[in-house]
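Visitor: Hello! Could you walk me through this structure, one question at a time?

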Amino acid sequence: KRSSPAQAEFYQAAEEVLECLRPLFERFPHYHDHSIIERIVEPERQILFRISWIDDAGRVQVNKGYRIQFNSALGPYKGGLRFHPSVTSGTIKFLGFEQIFKNALTSLPIGGGKGGSDFDPKGKSDNEIMRFCQAFMTELHRHIGPTCDVPAGDIGVGGREIGYLFGQYKRLTGRYEGVLTGKGLNWGGSIGRKEATGYGAVYFAQNMLNSRGDDLKGKTCLVSGAGNVAIYTIEKLYELGALPVTCSDSRGTLHDPKGIDLSLLKDLKEVQRTSLEEYLHHHPDARYTGARDYPQDGHAVWHIAADAAFPCATQNELTATDAKVLLAQGVHCISEGANMPSTKAAVDLFLEAKVAYGPGKAANAGGVATSQLEMAQNSSMQQWSLEKVDEKLKLIMANIHQQCADTAEEFGDANNLVLGANIAGFRKVADAMIEQGVT
Ligand code: NDP
C-alpha cells in the first residue's frame, strides 16, 4: 500500500526486500499464516519531537527530532542518528527498516532502530552543535537505555556529537552507562568503532573477490563521500594494497590519480571540516569537479576508470546512468559503505552483469556490529584491544558474506547477494517473531 510520496525511500527499501522474499514464501508458506510481512513493515514505535535551542545570536531555533523503534525481535533497538537538512520521517523510516535486516545479518542480538533531525550542522559553531545536541537529548533520553534502545552516529553525527549527547544523557539520568555507541576511547568507546564501517565494507569486497579467485591488491578504486565511512574505506584499501583515487562531498568530486592523500583528507574533513576543493592547494595536479558540472542524471565520481567502486556518501547517489558507465569501464566489484546508495535500476544492472555486488545492508554492517561489541565491552566494564576488535570484525564480515552467498545459492540465484542478504536477514527476524507470539 503506497499511501504517501513522502515515504518514497521507505517504499524503495521495502519493495526490494519484499520482492526477494517471493521464493522463501513459496517454499515456506507458514510465514503467511503469521502475517509477518504486515507486521514487519510497521514500526513498533515512532517518536517525533520538537527540538528548541538557542543559536549564537541569541535567537530561538526549532528543529524536528525523530526516533524510530522498528523491530525488537532480536534485541534492543540499535541504529544511528542522522543530522542533515534533508532528513524527514520517511528517511528515518527507510533507514530503520534497512537496519532490522542488517542487524540480523551480524548474528548479534540487536533489533532495528534509527533516528535523527533536520538540523544542519554545516556552518554551526561548536557551541551551537553542543546546545543542539543537549536539546535533542533532553527529549530523547526518556526513550532510550542500554537494554532498550542504543543510538549511534550516522551522517552529521560523529565523535563530537556523541560526546555532547552522552554528556547530556548522564546529566539528566545520573547514570553512566552504554546508552550510545561511538563514544570516545577514554570514556567507554570501543577501539576500532570509528574505523569499522569503512574497514568492514573493504573486508566485504575482499570476501566477494576471494570467492571469485580474485582480490583487491593492485585494484584502482572509486570511493564517494568524504566522511567517516569514506575515510576509513580509503585507509583499509591502502592497507590491502589497492589504490583509492577519488572521494567526494556534497559540493564536488576529487580525483587524484596518484591516490588520495589520506592524512590531508583527514585533516580537511575531521579537523578543519572544510571543502574538498582545499585539497588542490596541496596537490594542484589533482582534479576537482563541482557538483554543478556533474553529468546529467549522474555523478562525476562514477565516471572515472577503475576496477572497484565503494559508494560511501548517501542514498541514491549511484544512478542507472552511473552504473552503465561503471560497467562499461570494467568495474567488477561494488561494495556499499552507504545505505541504499544505488538506485533500484542501478542494482538491476549490477545483478544482470553478474559483477560482485555487495548491498549496503550486508557490506556496511561492520559498523553496527562493532557498536554491539562496544555494548558488550560496556556491560562487562572492559576495553578490548584493537587486535581483538579487528579480528572479530573480520570474522563477522566473512560470516555475513558466507550467509548471503549460501542463501543466494539455496534459493537458486548464486552470486545474487541482494537476494541472499534479504532472505537471510528476514528469516532470522521472522522466526524470532513467530517464536515470541503475536506482538
Ligand atoms: P558523514 O557525515 O561522516 O559523511 C557523509 C559524507 O557524505 C560527507 O562527505 C557528505 O558531504 C557526503 N554527503 C552527505 N549527503 C550527501 C548528499 N546528499 N550528496 C552528496 N554527498 C553527500 O557520514 P557517514 O560517513 O557516517 O555516513 C555515510 C553513509 O554511510 C550514510 O549512508 C550512512 O547511513 C552510512 N553508514 C554509516 C555508518 C557509520 O558507522 N557511520 C554505518 C553504516 C552505514 P558533506 O560533508 O559535504 O555533506
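What follows is a short conversation about a helix pair and some annotated sites.

Visitor: Before we start, what kind of model is this?
Guide: Good thing to settle early. The structure shown here is a predicted model.

Visitor: At what angle do helix α14 and helix α15 pack?
Guide: Helix α14 covers residues 366-379 and helix α15 covers residues 386-410. Their axes lie 10 Å apart, and the packing angle is about 135°.

Visitor: Is α14 parallel, antiparallel, perpendicular or oblique to α15?
Guide: Let's take the angle of about 135°. Over 145 degrees would count as roughly antiparallel, and 65 to 115 as roughly perpendicular. The angle between these helices therefore makes α14, relative to α15, oblique.

Visitor: And what is the handedness of the crossing of α14 and α15?
Guide: Happy to add that. Where α14 passes α15, the crossing is right-handed.

Visitor: How many residues of the contact of α14 with α15 are nonpolar?
Guide: From α14 come G366, A369, T370 and L373, and they meet V389, K392, L393, I396 and M397 of α15. Of the residues in this contact, 2 are polar and 1 is charged. The nonpolar ones number 6.

Visitor: Which residue in helix α14 does UniProt place in a "binding site" feature?
Guide: The unreviewed UniProt entry gives this feature at K78, Q99, K102, G153 and S371. Helix α14 holds one of these positions, namely S371.

Visitor: Is S371 buried or exposed?
Guide: Counting neighbours settles this one. A residue is buried if 20 or more other C-beta atoms lie within 10 Å of its own. S371 has 29 C-beta neighbours inside 10 Å, so S371 counts as buried.

Visitor: Which residues does S371 touch, not counting those up to four places away in sequence?
Guide: One of them, K78, is itself a position of the UniProt "binding site" feature that includes S371. The full set, with residues up to four places away in sequence left out, is K78, A152, T181, G182 and R193.

Visitor: What about Q99: buried or exposed?
Guide: Q99 sits in helix α4, residues 89-105. Beyond four places in sequence, Q99 touches F70, G79, G112, G113 and K114. Because 26 C-beta neighbours lie inside 10 Å, Q99 counts as buried.

Visitor: Where do T197 and N228 lie, and why can they be said to gather at one spot?
Guide: The unreviewed UniProt entry has a "binding site" annotation that covers T197 and N228. They span 32 residues in sequence, yet no two of their C-alpha atoms are more than 8.2 Å apart, so they gather at one spot. As for their places, T197 is in helix α7 (residues 193-210), and N228 is in helix α8 (residues 228-239).

Visitor: Which residue of α8 given in that annotation is in contact with T197?
Guide: T197 is buried, since 29 other C-beta atoms lie within 10 Å. Its contacts beyond four places in sequence include Y232, G337, N364 and G366. Also among the contacts of T197 is the annotated residue of α8, N228.

Visitor: Last one: is H84 buried, exposed or partly exposed?
Guide: H84 is found in the loop between β3 (77-83) and α4. Apart from neighbours within four places in sequence, H84 is in contact with D120, I155 and G156. A buried residue would need 20 or more other C-beta atoms within 10 Å. H84 has 19, which means it is partly exposed.

Notes. Residues numbered from 1 in each chain as written. Predicted model: local features only at pLDDT ≥ 70, side-chain atom pairs only at ≥ 80, totals over all residues. Axes fitted to C-alpha atoms, helices over the stretch in contact; angles between N-to-C directions. Helix = DSSP H or I, 4+ residues; strand = E, 2+ residues; numbered from the N terminus. Parallel < 35°, antiparallel > 145°, perpendicular 65-115°, else oblique. Left-handed = near helix turned anticlockwise from the far one by under 90°. Contact = placed C-beta atoms within 7 Å. Nonpolar A, V, L, I, M, F, W, Y, C, P; charged D, E, K, R; others polar. UniProt positions renumbered as here; feature names shortened; annotations may be inferred. Buried ≥ 20, exposed ≤ 12 C-beta atoms within 10 Å, placed from the backbone.
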